[in-house]
Amino acid sequence: MQTSLRYDSDSKALLIHAKEKIPVDSKTLCQVHGELDTKIGAPSSLALIFRNFYPEFSASIGAGIRYDVDKKIKYSLLGKKAFPITSNGFVSFNLKGRYDVDDKLNEKKATGAAEFSWSILDFQRYQDVRLKVGYAVFEKVPYLQIRENNWTFNADMNGRWNVRFDL
């Protein structure tokens, strides 16, 4: 099980996040996510997502169900496509998107992004770094991600930010 501690500028609460990836077959995973909000002492998000991977296309698609802190059930469709720029795949251009609907199909929300990703192995001894620069299409805001081994920092031009530590 993968666990992490998360903190962001919006909620100002420490979140404990857990994720388990259960293989269904060689190209399909069932992902179970849960998040505990330490400020309210209760789960803030639970999700079940089936993801299918297409390595020959550097792509994945998924579908799932999520229950969030707003106490609503949401259904999600998501996809990601990578376009490797270098032969080793360390530099790529990625397109990703998600479409959420509520249980009555009333509330609909689309998110999507285009980003450049650069993974640097052994940036320093025993330190790998990944840099991402992207544009959230529907929000119309640029963003940045810096990941170093277990630490991830995300920020956007609207002043939102979050930090994650993988345990």
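In this predicted model, a useful place to enter the structure is strand β5, which pairs in the antiparallel sense with strand β6, residues 73–84, over nine bridges. Within this pair, Gly-64 stands opposite Ser-76 in β6, and the two strands β5 and β6 form a hairpin in which four residues lie between them. One residue of that turn, Lys-71, has a positive phi of about 60°.

Turning to the other partner of β5, the reader meets strand β4, residues 42–54, which pairs with β5, residues 59–68, in the antiparallel sense over ten bridges. Here Asn-52 has Ile-61 in β5 as its bridge partner. The hairpin of β4 and β5 has four residues between the strands, and in this hairpin Ser-58 takes a positive phi near 50°.

Further along the chain, strand β9, which covers residues 127–136, and strand β10, which covers residues 141–148, pair in the antiparallel sense over eight bridges. In this pairing, Arg-130 stands opposite Arg-147 in β10.

These pairs can now be placed in the whole. Twelve strands close into a barrel, running in the order β1-β2-β3-β4-β5-β6-β7-β8-β9-β10-β11-β12, and the pairing is antiparallel. On average, and with direction ignored, neighbouring strands of this sheet are turned by 20° against each other. As a general point, the strands of a sheet pair through backbone hydrogen bonds, either in a parallel or in an antiparallel way.

Note on methods:
Residues numbered from 1 in each chain as written. Predicted model: local features only at pLDDT ≥ 70, side-chain atom pairs only at ≥ 80, totals over all residues. Heavy atoms only, no water. Pairing = 2+ DSSP bridges. Axes fitted to C-alpha atoms, helices over the stretch in contact; angles between N-to-C directions.
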